Number of protein chains: 2
Amino acid sequence: MAVLRADAQRNLDRILVAAADAYAEVGPDVTIDEIARRAGVGHGTVFRHFPTKDALHAAVIAVRLDELLAYARDLLERPDTRAALEEFVWMAADAVRRDRALFEGIEECGAFEDVAVAKAELHDVVDKLIRRLQRSGTLRRGVDSRDIGALVGAAIKASMHAEREDAWRRYVQIVLDGLRA
Amino acid sequence: MAVLRADAQRNLDRILVAAADAYAEVGPDVTIDEIARRAGVGHGTVFRHFPTKDALHAAVIAVRLDELLAYARDLLERPDTRAALEEFVWMAADAVRRDRALFEGIEECGAFEDVAVAKAELHDVVDKLIRRLQRSGTLRRGVDSRDIGALVGAAIKASMHAEREDAWRRYVQIVLDGLRA
DNA sequence: GCAGCAGCGGACCGCCCGGTCCGCTTCTGC
DNA sequence: GCAGAAGCGGACCGGGCGGTCCGCTGCTGC
């Protein structure tokens with residue numbers, strides 16, 4: 001990564017922040033123009049930093065995944081594995097809930113190196129927790145971190161159209177209960 | 001509903017069938033052109049029968065909902081309520097799985113009379129089953145047919161990206177287990 | 001069989017949006 | 001402070017798609 005001129009670096013940062021905000025507030029179909037407007041740059045500038053819209057999307061997702069990864073690694077040290085996994089699930093669920101539009105298209109970002117790597121590492125870490133619990137017989141056999149991620153993500157998405165504000169908590173709890181051995 | 005000329009009625013039927021197929025095979029973003037092509041008509045013809053693309057989408061969904069409704073009504077007569085509800089869930093899950101793209105935007109079709117009515121009636125019937133089970137203490141309290149519909153629908157969607165072919169069954173089973181009292 | 005109208009369909013429109021390009025601006029190293 | 005390069009941004013392009021329109025077709029009632 002070549003070093004950027006100071007103003008270019010500042011713009012890059014602002015674009016990433018603006019993109020995250022825009023996905024959260026507008027939805028998965030934000031336009032590049034909207035992101036550029038929020039960042040206070042021309043939309044040509046966005047395309048100099050990211051060759052396509054998908055590349056920008058992937059970059060924002062990668063940031064979020066790295067945050068989750070750091071959090072998950074800390075949890076590996078916890079003595080109570082069950083509590084660690086549940087804490088991670090609740091934390092990840094809340095992250096997805098806040099940035100639901102952002103994570104919408106995460107499956108399509110697999111082609112981007114950094115997203116693929118972050119996802120793989122995250123799954124590795126969470127699978128460690130899962131296997132511990134499965135060996136101790138307190139978690140349903142045959143599920144892995146991808147299954148849990150998909151189900152929890154789905155529960156969040158399902159809760160978006162519910163009237164009650166706390167629907168997402170109830171839905172995640174239902175999934176967690178369903179995952180017990 | 002004025003009576004249509006024979007060829008117009010035939011075209012209308014073909015459009016509905018073609019639209020259902022197209023949503024299933026192409027995805028939620030099928031174009032009107034694609035649907036018209038499959039129906040063997042010009043796309044102007046589609047717009048004479050349905051004022052907007054959303055109206056066509058709603059019409060196709062309404063057909064599916066009516067089928068589910070008829071099925072659910074039959075189940076009301078079953079002596080074993082638990083089996084009836086589970087059978088309905090599995091049946092609806094399979095319907096959603098086959099036509100996942102179609103049901104994707106169902107929340108946005110509430111503005112269309114026939115969809116709204118069919119949904120309301122379906123929820124009424126399923127809620128009857130649910131309340132029976134809740135009174136007998138075998139189903140988690142505080143959930144209604146909308147919750148279950150949302151969760152099962154989301155579980156199906158979540159299973160689409162899984163490698164294993166039978167992921168949807170496992171996911172639906174996890175949700176059903178989580179819904180037990 | 002024919003008149004007349006319901007119905008057809010494809011040419012056309014306008015909008016949106018991702019992506020490109022190039023003349024101008026602003027930063028940086030000296 | 002200056003030269004030159006790095007960066008900027010908005011005008012522009014092209015493709016796609018929802019929706020309209022109108023001249024032609026072929027169905028229907030008599």
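**Reading two chains and a DNA strand**

Guide: In this predicted model, 21 residues lie around DNA strand D, and Val41(A), Gly42(A), Gly44(A), Ala6(B) and Gly44(B) come nearest.

Visitor: Which elements give two or more residues to the surface near DNA strand D?

Guide: In chain A, they are helix H1 (6-26) and helix H3 (43-49). In chain B, they are helix H1 (6-26), helix H2 (32-39) and helix H3 (43-49). H3(A) gives the largest share, four residues.

Visitor: How many residues of each class does that surface have?

Guide: The surface near DNA strand D has eight polar, seven charged and six nonpolar residues.

Visitor: Now the protein contact. How many residues does it take from each chain?

Guide: The size of an interface is often given as the accessible area lost when the parts come together. Here, take the residue count: 17 from chain A and 17 from chain B. On the chain B side, helix H8 (145-159) and helix H9 (167-178) each supply at least two residues. H8(B) gives the most, eight residues. By class, that side of chain B has ten nonpolar, four charged and three polar residues.

Visitor: What turn and shift lay chain B on chain A?

Guide: A turn of 180° with a shift of 0.0 Å along the axis, giving an RMSD of 0.1 Å. That is the relation of a two-fold axis.

Visitor: Which C-alpha of chain B is nearest the axis?

Guide: That of Gly178(B), at 1.8 Å. The same surface also serves both copies. Of the contact residues of chain B, 100% recur in chain A.

Terms used:
Residues are numbered from 1 along each chain as its sequence is written. Chains are lettered from A and ligands numbered from 1 in the order in which they are written. This is a predicted model: local features need pLDDT of at least 70, side-chain atom pairs count only at pLDDT 80 or more; totals for chains, interfaces and linings use all residues. Two residues are in contact if their C-beta atoms, placed from the backbone, lie within 7 Å. Ala, Val, Leu, Ile, Met, Phe, Trp, Tyr, Cys and Pro count as nonpolar, Asp, Glu, Lys and Arg as charged, and the others, Gly among them, as polar. Copies are superposed by least squares on the C-alpha atoms of residues with pLDDT of at least 70 in both. A residue is near a molecule or strand if its C-beta atom, placed from the backbone, lies within 6 Å of it.
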